[in-house]
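Please look through the sequence and the structure shown below before reading on. The report that follows is meant to be read with both in view.

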Amino acid sequence: MYCRNGVVPKRPVSWAPDEEQKKIAICLVIVDELYHEDIWREWLQCDNAQYTAHLFIHAKSPESIKSEWVRSHLMDVTFNPEWNSVEVVQAMMCTLNAAFHFSADKKEQNRELKQEFGRFVFCTESCLPLRSLEEVGNALFEGDCSWLPAYNTPIDKFDSAAAFDAVDKNIVPYKVASVL
């Protein structure tokens, strides 16, 4: 069955309904640093009872990662991807596989397929959340299609700055903070 614009539904109909799956898996592929770690930390700690999110990180050079917090979300394998190589896809699939088999209860970690997350988002080390977890969750769970047209091209400096309304101004990247 197809959704609007010919996009395939996100999941089999046999899976639990959306109201039971308010968890979002953020699948990140990085080289050796999560540039906006402080923003990601704050965003994930949002006190929102409706949605939760969890990071799954694949690193090209895991041995070079300095942050213990990033290490705590790291995959235990690396495909050592080069820019635009097939290993980038393998790294992305690794994070997705980890999210599919993730369990908050470590005793259940080896179960076949754990339906912990209702939505999956792919990101890279330079990505950062521009909207609150609640806004992101509402957008992701609004429909039942596998693609969300989430591009926003600002039309002026004010529009660019407004994209960071959900982010603490003290941790906004320098180049953006200069226009706020």
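The sections below describe the sheet, the helices that pack on it and the nonpolar cores, all in a predicted model.

## The sheet

Three strands form an open sheet in the order 2-1-3, and their pairing is parallel. Strand 2 and strand 3 lie at the edges, where each has a single partner strand, so one side of each is left without a neighbour in the sheet. On average, and with direction ignored, neighbouring strands of this sheet are turned by 20° against each other.

Strand 1 pairs with strand 2 in the parallel sense over 8 bridges, and one of the partnerships between these strands joins Ile26 to Leu55 of strand 2. Strand 1 also runs parallel to strand 3, to which 6 bridges join it; here Ile24 has Arg119 of strand 3 as its bridge partner, while Leu28 has Cys123. Of the 8 residues of strand 1, 7 are buried, so this strand is largely enclosed by the rest of the structure.

## Helices on the sheet

Helix 1 packs on the sheet and touches strand 1, strand 2 and strand 3, with a direction that makes about 150° with that of strand 2. Helix 4 also packs on the sheet, touching strand 1, strand 2 and strand 3, and its direction makes about 100° with that of strand 1.

Which residues of helix 1 are buried? In this helix, which covers residues 37–44, they are Glu37, Ile39, Trp40, Trp43 and Leu44. These residues cover an arc of only 160° around the axis, which puts them on the same side of helix 1. As background, an α-helix has 3.6 residues a turn, so residues three or four places apart point the same way. The buried residues of helix 1 pack against strand 1, strand 2, strand 3, helix 2 and helix 4.

## The nonpolar cores

In soluble globular proteins, nonpolar side chains tend to be buried together. In this model the largest nonpolar core has 21 residues, and those with the most contacts inside it are Ile26, Leu28, Leu34, Trp40, Leu55 and Ile57. At least two residues of this core are supplied by each of strand 1, helix 1, strand 2, helix 2 and helix 4.

Leu28 shows how parts of the chain meet: leaving aside its neighbours within four places in sequence, Leu28 is in contact with residues including Leu34, Trp40, Leu55, Ile57 and Cys123. Phe56, too, is in contact with Leu28, although Phe56 belongs to a second, separate core of 8 residues that also includes Met75, Cys94 and Phe102.

Methods. Residues numbered from 1 in each chain as written. Predicted model: local features only at pLDDT ≥ 70, side-chain atom pairs only at ≥ 80, totals over all residues. Heavy atoms only, no water. Buried < 20%, exposed > 50% of the residue type's maximum accessible area, 1.4 Å probe, protein only. Helix = DSSP H or I, 4+ residues; strand = E, 2+ residues; numbered from the N terminus. Arc of directions from axis to C-beta. Contact = heavy atoms within 4.5 Å. Pairing = 2+ DSSP bridges. Axes fitted to C-alpha atoms, helices over the stretch in contact; angles between N-to-C directions. Core = buried A, V, L, I, M, F, W, Y, C linked by side-chain atoms within 4.5 Å.
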